[in-house]
Amino acid sequence: MAETSATPHVEDFRDHLSIVDEKGKRKWVHPKFQAGKIFTRRNIAAYLMLGLLVAGPFIKINGHPLFLFNVVDRTFIIWGIPFFPQDFFLFGFAMITFFVFIILFTSVFGRWWCGWACPQTIFMEFVFRRIEHWIEGDSQHRRRLDKQEWNWEKIWKRALKHFIFLIISFFISNIFLAYVIGIDELKKIITEPLTEHFGGFVAMIAFSLVFYGVFAYLREMVCIGVCPYGRLQGVLLDKDSMAVSYDFKRGEPRGKVGTTTGDCVDCHLCVAVCPTGIDIRNGTQLECINCAACVDACNSIMEKVHRPKGLIRIASFNQIVKHRKFRITPRMIGYSVLWSVLLFILSYLTFSRPEVEATILRAPGQLFQKKDDGTITNLYTVNLVNKSFDDHSIELKVVSPQQASLSIVGTPLAVKQAQVSDGVFFIALPSGEVKQMKTPVEIDVLADGKRVSGIKTTFIGPVYKQHQQEQEESKEEEKASTEHHD
Ligand code: SF4
Ligand code: SF4
């Protein structure tokens with residue numbers, strides 16, 4: 001975390017978590033509701049994100065989901081493009097590109113993802129906490145309710161709150177499952193007899209309980225202690241990273257109005273509104289999710305005490321200390337170049353991917369067969385992966401050696417949309433053309449008459465015997481010619 005000199009009052013803040021008291025017990029965070037310009041923008045962004053998140057599984061392109069992360073069937077659809085286990089290298093590459101983007105984004109803008117786009121924060125702050133606020137009242141009332149005896153008021157408020165939390169968790173679980181198994185499968189679990197989808201039903205309940213546990217109990221602990229992204233902040237941020245920051249140059253020495261020269265009136269409103277319970281005046285901290293609630297809070301106070309707004313604002317450490325404008329650092333340029341290169345390669349690999357991927361292998365346990373007409377045959381297996389949403393009829397053509405012929409065993413090859421299929425075929429070569437133990441073979445794969453890929457394999461033939469035969473034949477020819485001369 002960026003070291004600041006803004007720690008005159010609470011020097012030990014780095015020694016303990018803001019949500020744990022001296023005895024090691026959890027301190028429940030009840031952030032005060034704070035309206036303001038940033039809050040309005042965040043509200044719009046959050047409900048837009050929620051709308052997209054909920055609508056996502058219902059959006060289809062040509063009857064196929066926009067997103068699907070079916071780990072069970074190992075089928076993934078991202079932006080309408082299907083991916084299969086055979087695309088694992090693409091997935092790995094996409095992950096690397098994504099991580100570089102995260103590093104770049106965080107090093108420039110800090111942890112904005114957490115406060116503005118992360119589903120955990122959006123559900124927590126804009127759904128669950130809203131309901132809590134609606135049932136139990138503002139932060140003061142909630143704190144009072146925590147402390148009070150289990151009387152009728154506490155029982156009905158808590159019961160109602162947890163009942164609604166459970167219903168919403170069940171709803172989130174359904175949305176989550178819709179992304180994993182698809183909305184059509186989810187509909188089946190909901191509408192068809194339980195016995196037919198018992199596994200799906202168990203998953204639905206299990207996820208509901210997980211989400212309930214996260215939003216009713218774990219809450220900000222997920223951001224502080226569970227999510228690895230938060231842990232990375234310390235190494236990703238530098239003194240030029242933009243983040244929610246307290247202008248300690250302006251704010252210190254803090255104190256009640258008229259008692260000090262600093263602008264901070266020590267009202268603690270920035271702490272009261274913080275959903276992770278920290279004091280941003282101690283400097284950028286691991287717990288800060290950049291929600292900017294403290295910016296709105298402090299601005300409202302500055303307005304009241306007739307001091308310029310922006311005592312807490314979005315700024316880098318260097319901007320505050322050196323009063324300089326935002327600048328692009330060599331680190332940012334380096335990350336940007338690296339990310340652009342990775343993105344270019346990823347796009348090329350994704351869009352140049354063949355619609356049908358074929359793997360051809362010689363049938364195991366088989367070498368070659370010699371036919372009565374003198375041709376040698378090899379048996380091959382072909383595995384076809386259709387990476388598109390169209391059915392394809394497949395043709396295989398031997399490009400080289402030209403004398404080779406290819407015949408499919410059984411029905412013509414075909415592969416249905418987003419499916420895998422297998423086939424078997426022979427390649428025959430006149431024995432006279434087998435000049436080495438392994439003859440290189442090139443096969444073109446055609447989907448609906450269009451070449452989608454070219455595959456190289458080998459053809460095994462009885463080269464030793466053939467050479468022997470050729471040698472014998474040439475010896476005989478030699479002998480005959482010698483006898484003739486005699
Ligand atoms: S310190 Fe401010 S920006 Fe950070 S989490 Fe708390 S309220 Fe949000
Ligand atoms: S809200 Fe502003 S004035 Fe009040 S304590 Fe926080 S930084 Fe100081």
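Trainee: In what sense do strand E11 and E15 pair, and over how many bridges?

Mentor: This is a predicted model, and in it strand E11, residues 392-400, pairs with E15 in the antiparallel sense over six bridges. To give you one point on that ladder, Ile394 has Ala447 of E15 as its bridge partner.

Trainee: Which strand does E15 join through ten bridges?

Mentor: That is strand E16, residues 450-460, which runs antiparallel to E15. Along this pairing, Pro440 stands opposite Thr458 in E16, and the hairpin of E15 and E16 has two residues between the strands, with Asp448 taking a positive phi near 50°.

Trainee: What is the strand order of the whole open sheet?

Mentor: The open sheet has four strands in the order E13-E11-E15-E16, with antiparallel pairing. Strand E13, residues 414-415, and E16 stand at the edges and each has a single partner strand, so one side of each is left without a neighbour in the sheet. E11 and E13 are joined by two bridges and run antiparallel, and there the bridge partner of Ser393 is Ala414 in E13.

Trainee: Back to E15 for a moment: which of its side chains are buried and which are not?

Mentor: The side chains alternate along residues 438-447, so to speak face by face: Thr439, Val441, Ile443, Val445 and Ala447 point to one face and are buried, whereas Lys438, Pro440, Glu442, Asp444 and Leu446 point to the other and are not.

Trainee: How many C-beta atoms lie within 10 Å of Leu446, then?

Mentor: Leu446 has 17 other C-beta atoms within 10 Å, and because a residue needs 20 or more to be buried, Leu446 is partly exposed. Leaving aside neighbours within four places in sequence, Leu446 is in contact with Ile394, Glu395, Lys397, Arg451 and Val452.

Trainee: Changing topic, how many residues are in the largest nonpolar core, and which have the most contacts inside it?

Mentor: The largest nonpolar core has 27 residues, and Val244, Cys270, Ile280, Cys294 and Ile312 are those with the most contacts inside it. Helix H9 (220-226), strand E6 (243-246) and H13 each supply at least two residues of this core, and the largest share, five residues, comes from H13.

Trainee: What does Ile312 touch?

Mentor: Not counting residues up to four places away in sequence, Ile312 touches Val244, Tyr246, Cys270, Ile280, Cys294, Val295 and Cys298. There is also a second, separate core of 19 residues, which includes Val382, Leu384, Val445 and Ala447.

Trainee: Now the ligands: which residues are closest to ligand 1?

Mentor: Ligand 1 is surrounded by 14 residues, and the closest are Cys274, Ile280, Cys288, Cys291 and Cys294. By type, the shell around ligand 1 divides into twelve nonpolar, two polar and no charged residues.

Trainee: And how many residues surround ligand 2?

Mentor: Ligand 2 has 15 residues around it, the closest being Cys264, Cys267, Leu269, Cys270 and Cys298. The shell around ligand 2 divides into eleven nonpolar, two polar and two charged residues. Helix H12 (269-272) and helix H13 (293-304) each supply at least two residues of that shell, and H13 gives the most, with three.

Trainee: Any backbone oddities I should look at? Where are the cis peptide bonds you would point to?

Mentor: One cis peptide bond joins Glu252 and Pro253, with omega about -5°, and Pro253 is found in the loop between helix H11 (248-251) and H12. Another runs from Ser400 to Pro401, with omega near 0°, and Pro401 is in the loop between E11 and strand E12 (405-409). As background, most peptide bonds are trans, and most residues other than glycine have a negative phi.

Trainee: What is the phi of Ala292, and is that residue buried or exposed?

Mentor: Ala292 has a positive phi of about 70° although it is not a glycine, and it is found in the loop between H12 and H13. Ala292 counts as buried because it has 25 C-beta neighbours inside 10 Å.

Trainee: And His306, buried or exposed?

Mentor: His306 counts as exposed, with 7 C-beta neighbours inside 10 Å. His306 lies in the loop between H13 and strand E7 (312-315), and its phi is near 55°, a positive value in a residue other than glycine.

Conventions:
Residues numbered from 1 in each chain as written. Chains lettered and ligands numbered in written order. Predicted model: local features only at pLDDT ≥ 70, side-chain atom pairs only at ≥ 80, totals over all residues. Near = placed C-beta within 6 Å. Nonpolar A, V, L, I, M, F, W, Y, C, P; charged D, E, K, R; others polar. Buried ≥ 20, exposed ≤ 12 C-beta atoms within 10 Å, placed from the backbone. Pairing = 2+ DSSP bridges. Core = buried A, V, L, I, M, F, W, Y, C linked by C-beta atoms within 7 Å. Contact = placed C-beta atoms within 7 Å.
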